[in-house]
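Please look through the structure shown below, beginning with single residues and ending with the chain as a whole. The paragraphs that follow are meant to be read with the model open beside them.

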Amino acid sequence: MTTTQRPAGSPAPAGVSPTTSPTNGDARLVGRSLLRLGPVSLVIRRRALLVAAVLTVLLLLTVVLSLSLGTPYVAPADVLRALAGSGTPYDLVVFDLRLPRVVLAATAGAAFGIAGTLIQSVARNPLASPDVIGITQGAGLAATVALTSGMAAVLVAPTALVGGLLAAVLLFALGARHGLAAQRFVLAGVAVAFAFRALTEVVMLTADPIDGLRAQIWLIGTLAGKGWTEAAWIAGTLLVLLPVLAWAGWALNSTALDDDTARGVGLRPVARRIGLAGAGVLVAAMVTAQVGAVDFVALVAPQVARRLVRAERPPLVCAALLGALLLVLADLAGRRLLAPTQLPAGVLTAAIGGPYLIFLLLRGRRRSS
């Protein structure tokens, strides 16, 4: 355990709960370590590091399993040799047929986990996610219009991205009063989601049946026929936002504070909430535009990661790793459960999300009683 000292009278860092040593009175960070890099000090939660390491190992094992299972079956040893560049008879299967889809699943799942963490932290609500506050529905409406109006296939993803961002603009316009208050933000998002979902149904009912079916498949969310291009767009967005995400990992510590307390320690709570929510909806809009409306990953991953870490807020890195793990597993199950028929990944994530929502409802009833 590492000790740290602060000037007398200065506030404790947000999200850090120091206890006083009975021997020397130094502030100690319980369950945390303080990493110093020159003038910069970084507080690290040791349990979060352990959980992140375990999730990374599970993700790598799941990736190898996903590359191995299928027709033809590729032994895990041959998968590892192919990935190492040793040259195997299965290089075509591993690199060209399976790896692009697995990388896309991991990248999209991580992006969903990040988006869900940012939005839930701003909303202070475990049920807030891109598919609850209208971002997914805005992208879905735009994609449905594109798919049913004869628009070129290459324009579907950019159109969906614009739809998701327009939904975000409407969400901020409705929820920005009173400093983007948590309850108002969520209620505005639910209203936007219902409105866009209704418009989507109207467009599908008036469209050609074949085009309507294509739109329905997109709305469910599938990784079939997608790969490197979509993964590159999502990874590029995360790379561009990396400085913002690095700031967000630190700024999330203060989201549990009320506005008066946050201002009292020198923070700007409204600006932080807008910045965090803006980054979250941008990531959510981009990933939804690329892979469709894969529901519940952004809802489940942050809260499960929070419970694993035993933290007061969803941890950003662990939520990203868990989101990647969930979507890779969902895509693998969709490919193999009813083979040769493939189930969209969104169907499997919905099967995960439904029981999770029931768990939250039962947990809430037990607490209230």
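Does Ser66 count as buried or exposed, and at what relative accessibility? The model in front of you is a predicted one, and in it Ser66, which lies in helix α1, has a relative accessibility of 1% and therefore counts as buried, because the cut-off for that class is under 20%. The side chain of Ser66 is joined to the side chain of Arg335 by a polar contact of 2.9 Å. Leaving aside residues up to four places away in sequence, Ser66 touches Arg98, Val102, Val328, Leu332 and Arg335, so that Arg335 appears both among the residues touched and as the partner in the polar contact.

Helix α1, which runs over residues 46–68, also holds Ala48. With a relative accessible area of 17%, Ala48 is buried as well, because this value falls under 20%. When residues up to four places away in sequence are not counted, Ala48 touches Val309 and Cys318. A further link across the sequence is given by Val317, whose C-alpha atom is separated by 8.8 Å from that of Ala48, although the two residues are 269 residues apart along the chain.

From single residues we can turn to a pair of helices. Two packed helices are described by the angle between their axes together with the distance between those axes. Helix α3, covering residues 91–123, and helix α13, covering residues 297–309, have axes that come within 7 Å and cross at roughly 70 degrees. The two helices are therefore roughly perpendicular to each other, since angles of 65 to 115 degrees count as such. On the side of α3 the contact is made by Gly109, Phe112, Gly113, Gly116, Thr117 and Gln120, while α13 contributes Val297, Ala298, Leu299, Ala301, Pro302 and Gln303. Sorted by character, the residues of this contact divide into six nonpolar and six polar, with no charged residue.

These details belong to a protein that has 15 helices and four strands. Of its 369 residues, 47% count as buried, and Ser66 and Ala48 are both classed as buried. Among the contacts in the protein with a separation of 6 or more, residues 24 or more positions apart account for 70%. As for the outer surface, the protein exposes about 17700 Å², and carbon and sulfur atoms supply 68% of this area.

Conventions: Residues are numbered from 1 along each chain as its sequence is written. This is a predicted model: local features need pLDDT of at least 70, side-chain atom pairs count only at pLDDT 80 or more; totals for chains, interfaces and linings use all residues. Side-chain values use heavy atoms; hydrogens and water are left out. Buried means under 20% relative accessible area, exposed over 50%, partly exposed in between (1.4 Å probe, protein chains only). Contact means heavy atoms within 4.5 Å. Accessible areas come from the Shrake-Rupley method with a 1.4 Å probe; for residues, only the protein chains shown count as cover. Axes are lines fitted to C-alpha atoms, for helices over the stretch in contact, and angles run from 0 to 180 degrees between N-to-C directions. Angles under 35 degrees count as roughly parallel, over 145 as roughly antiparallel, 65 to 115 as roughly perpendicular and the rest as oblique. Ala, Val, Leu, Ile, Met, Phe, Trp, Tyr, Cys and Pro count as nonpolar, Asp, Glu, Lys and Arg as charged, and the others, Gly among them, as polar. A polar contact is a pair of N or O atoms within 3.5 Å; within protein, one must be able to donate a hydrogen and the other to accept it, and residues adjacent in sequence count only if both atoms are side-chain atoms.
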